[in-house]
Amino acid sequence: ASYINYALNVNTELHFRTKLFFMGTLFHLYFDIDIALEISSGTGQHVSHSAKAFPNLATYHIVIFFFLFFYCSIESYRQYHKLQNVKAPIYLDVSQSWENWGGIQTKSCDLIVNINMMHISPLGLLNGVGKILKPQGLLLTYGPYAFNGSITPQSNADFDHSLRYRNPEWGLRDVSILKTLGQGNGLRLEVDMPANNKCLLFHKDSVV
């Protein structure tokens with residue numbers, strides 16, 4: 001019961017601003033998309049809003065990056081809102097090869113959404129995404145990033161320092177590095193920059 005109560009009452013100003021941004025950014029992306037996948041879904045608020053706002057989605061998979069709490073929270077949202085176009089959440093370890101990503105098939109996804117995870121995860125995400133996206137599919141990531149070695153504002157620089165203090169393999173990823181890694185996996189990068197965080201949109205080429 002505690003999981004359900006918490007999941008249904010989380011409603012921060014930050015989440016509200018993020019929701020509005022995604023509704024505007026994704027409106028044209030979700031049109032005519034059948035299968036979307038969210039990796040690192042957090043509490044499940046984003047997928048809940050997306051699934052209700054874009055009912056044309058035939059299937060919206062939810063993937064948990066870690067933490068049992070998130071699994072319970074996402075499932076609570078799914079059941080409370082009766083989201084028929086959302087599948088039950090599954091566990092996925094992006095440090096593993098894409099063949100071990102919970103049975104997700106190659107070239108099976110039209111859209112992959114990844115929010116606030118890049119800075120605490122291995123860079124192998126782009127390799128896996130390059131395999132499971134359909135040709136002309138899209139990867140949308142959102143979070144704080146570095147640009148050509150520079151991190152702004154100071155709050156993001158402080159955040160990067162705290163991450164690297166906790167784990168030397170963590171930290172804000174440089175967009176130039178992500179762009180190169182994406183190209184190696186058939187993903188072309190476009191960048192949008194709201195507030196202190198960035199929205200990176202990758203397009204999957206027809207031929208890799």
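The largest nonpolar core of this predicted model has 24 residues, and those with the most contacts inside it are I39, W101, I112, L125 and F202. Two or more residues each are given to this core by β1 (35-39), β4, α5 (125-132), β5, α7, β6 and β7, and the element that gives the most is α5, with four residues. Apart from this core lies another one, of 10 residues, which includes L111, I115, Y142 and L201. Such clusters fit a broader tendency, since in soluble globular proteins nonpolar side chains tend to be buried together.

These cores sit within a protein of seven helices and seven strands, whose elements run, from the N terminus on, α-α-β-α-β-α-β-β-α-β-α-α-β-β. Of its 208 residues, 49% count as buried. Among the contacts with a separation of 6 or more, 72% are accounted for by residues 24 or more positions apart. The protein exposes about 10400 Å², and 55% of that area is supplied by carbon and sulfur atoms.

Helix α7 (residues 175-184), one of the elements that give two or more residues to the largest core, shows how burial is arranged around a single helix. Its buried residues are V175, L178 and G182, and they cover an arc of only 60° around the axis, which puts them on the same side of α7. The spacing along the chain agrees with helical geometry, because an α-helix has 3.6 residues a turn, so residues three or four places apart point the same way. The face of α7 turned away from this buried side carries the exposed residues T180, Q183 and G184. After α7 comes G186, whose phi is positive, near 75°.

Charged side chains form a further set of links, for the structure holds three salt bridges. In general terms, side chains of opposite charge can pair when their charged atoms come close. The pairs are listed below with the distance between their closest N and O atoms.

| Salt bridge | N to O distance |
|---|---|
| K134 and D110 | 3.3 Å |
| R164 and D160 | 3.0 Å |
| D205 and R188 | 2.8 Å |

In the pair of K134 and D110, which form a salt bridge at 3.3 Å, K134 belongs to strand β5 (residues 133-143) and D110 to strand β4 (residues 109-115), so that the pair ties together parts that are 24 residues apart in sequence. The lysine of this pair, K134, is partly exposed, with a relative accessible area of 24%, whereas D110 is buried at 16%.

The pair of R164 and D160 lies within a single element, as both residues are in helix α6 (residues 154-166), four residues apart, which is about one turn of the helix. Here too the two partners fall into separate classes of accessibility, with R164 partly exposed at 36% and D160 buried at 10%.

What does the salt bridge between D205 and R188 connect, its closest N and O atoms being 2.8 Å apart? D205 lies in the segment after β7 (198-204) and R188 in strand β6 (residues 187-192), so this pair ties together parts that are 17 residues apart in sequence. Both partners are partly exposed, D205 with a relative accessible area of 23% and R188 with one of 40%.

Technical notes: Residues numbered from 1 in each chain as written. Predicted model: local features only at pLDDT ≥ 70, side-chain atom pairs only at ≥ 80, totals over all residues. Heavy atoms only, no water. Salt bridge = Lys/Arg side-chain N within 4 Å of Asp/Glu carboxyl O. Buried < 20%, exposed > 50% of the residue type's maximum accessible area, 1.4 Å probe, protein only. Arc of directions from axis to C-beta. Contact = heavy atoms within 4.5 Å. Areas by Shrake-Rupley, 256 points an atom, 1.4 Å probe, with all protein chains shown as cover. Core = buried A, V, L, I, M, F, W, Y, C linked by side-chain atoms within 4.5 Å.
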